[in-house]
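Welcome! Please take a look at the model below, and keep it in view while you read the briefing.

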Amino acid sequence: MTIQASDLKARLPDVTSSLTAELLDDEVTIIRDSFGVPHIKATTAHDAFFAQGFVTAQDRLFHMDYDRMRALGRWSEWVGESALSQDILMRKLGIARAAKADLNVSAPAAQAMVRAHTAGINFYLSTLSEATLPVEYALAERGMPDCWEDYHTFALYKMRNLLMGHLDMKVWRARVVMELGPEAAAKLFLGYPQGA
């Protein structure tokens, strides 16, 4: 696919228009500073998290979707057979199942926060068409993304920490603990808090 400069401009998020979202409690103002960083003014926590979901999707939709597909073990749907081994690993690790379990045991206030965040993401999705999706979707020849679900936020958190959390070292340490036991392993890993 050939992308022209005009295509790129047309696919940038609209950060200047006023929108009406019936799911809000009150008026929300989002101002972007000279660096493009969004600043949210809201009168309720619900509205603040809704707006946070909206601006995060505005700024990072493709990246969010990329991590979601990988966390759910569905990346091969996008890139083909080369991702099957990664999908199998993600499904064996049970990231989606763990994300759902984490959501279910979260405090009611945290669940409300995540629901508002999800509603903001989905509201942003409702403002798009295939022609206005981020350019990465056109390059990847993907259509509209699936609606966001509450547990997807937990899955992304797990995916980001799995990759950025030095998984190999964590697996190695876990094997050492299994082989030597917690007390002996603790002597090898000085500097960790008691019980870590």
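What follows is a short tour of this structure, from the whole chain down to single residues.

The model you see is predicted. The protein has ten helices and two strands. Buried residues account for 33% of its 196 residues.

**The whole protein**

- If you walk along the chain from the N terminus, you meet the elements in the order α-β-β-α-α-α-α-α-α-α-α-α.
- Along the principal axes, the C-alpha atoms fill a box of roughly 60 × 45 × 30 Å.
- Now think about contacts with a separation of 6 or more: 58% of them are between residues that are 24 or more positions apart.
- The accessible surface of the protein is about 12500 Å², and carbon and sulfur atoms hold 57% of that area.
- The protein carries 20 positive and 24 negative charges, and the mean positions of these two groups lie 8 Å apart.

**The hairpin**

- Strand β1 covers residues 29-32, and its partner β2 covers residues 38-41.
- How do β1 and β2 run, parallel or antiparallel? They run antiparallel, and four bridges join them.
- Together the two strands form a hairpin, with five residues between them.
- Gly-36 sits in the turn of this hairpin and has a positive phi of about 85°.
- To see the pairing for yourself, find Thr-29, which stands opposite Lys-41 in β2.
- Then find Ile-31, which stands opposite His-39 in β2.
- As background, side chains in a regular strand alternate between the two faces of the sheet.

**Arg-32 and its partners**

- Arg-32 is a residue of strand β1.
- Which residue does the side chain of Arg-32 meet in a polar contact of 2.8 Å? The partner is the side chain of Gln-58.
- The side chain of Arg-32 is also joined to that of Asp-59, by a polar contact of 3.0 Å.
- With residues up to four places away in sequence left out, Arg-32 touches Val-15, Val-37, Pro-38, Val-55, Gln-58 and Asp-59.
- Pro-38 is one of these touching residues, and strand β2 spans residues 38-41, so you can look for this contact between the strands of the hairpin.

**His-117, a buried residue**

- Helix α6 runs over residues 108-126, and His-117 is part of it.
- Is His-117 buried or exposed? His-117 counts as buried because its relative accessible area is 14%, and the limit for buried is under 20%.
- Setting aside neighbours within four places in sequence, His-117 is in contact with Phe-49, Phe-50, Gln-52, Gly-53, Thr-56 and Thr-153.
- Thr-153 is among these contacts, and helix α8 spans residues 150-164.

**Glu-141, a residue with positive phi**

- Glu-141 is in the loop between α7 (135-139) and α8 (150-164).
- Glu-141 is not a glycine, yet it has a positive phi of about 55°.
- Glu-141 is exposed because its relative accessible area is 64%, and exposed starts at over 50%.

**Pairs to find across the model**

- Gly-191 lies in the segment that comes after α10 (182-188).
- With a relative accessible area of 79%, Gly-191 is exposed.
- Try placing Gly-191 and Ala-131 on the model: they are 60 residues apart along the chain, and their C-alpha atoms are separated by 52 Å.
- At the other end of the numbering, Asp-7 belongs to helix α1 (residues 5-10).
- Asp-7 is partly exposed, with a relative accessible area of 27%.
- How far apart in space are Asp-7 and Ala-185, C-alpha to C-alpha? They are 56 Å apart, with their positions 178 residues apart in sequence.
- Val-79 is in helix α3, which covers residues 76-79.
- Val-79 is partly exposed too, with a relative accessible area of 40%.
- Val-79 and Ile-95 are 16 residues apart along the chain, and 20 Å separates their C-alpha atoms.

Definitions and conventions. Residues are numbered from 1 along each chain as its sequence is written. This is a predicted model: local features need pLDDT of at least 70, side-chain atom pairs count only at pLDDT 80 or more; totals for chains, interfaces and linings use all residues. Side-chain values use heavy atoms; hydrogens and water are left out. Buried means under 20% relative accessible area, exposed over 50%, partly exposed in between (1.4 Å probe, protein chains only). Contact means heavy atoms within 4.5 Å. Accessible areas come from the Shrake-Rupley method with a 1.4 Å probe; for residues, only the protein chains shown count as cover. Lys and Arg count as positive and Asp and Glu as negative; His and the chain ends are not counted. The place of a charge is taken as NZ of Lys, CZ of Arg, CG of Asp or CD of Glu. A polar contact is a pair of N or O atoms within 3.5 Å; within protein, one must be able to donate a hydrogen and the other to accept it, and residues adjacent in sequence count only if both atoms are side-chain atoms. Two strands pair if DSSP finds at least two bridges between them.
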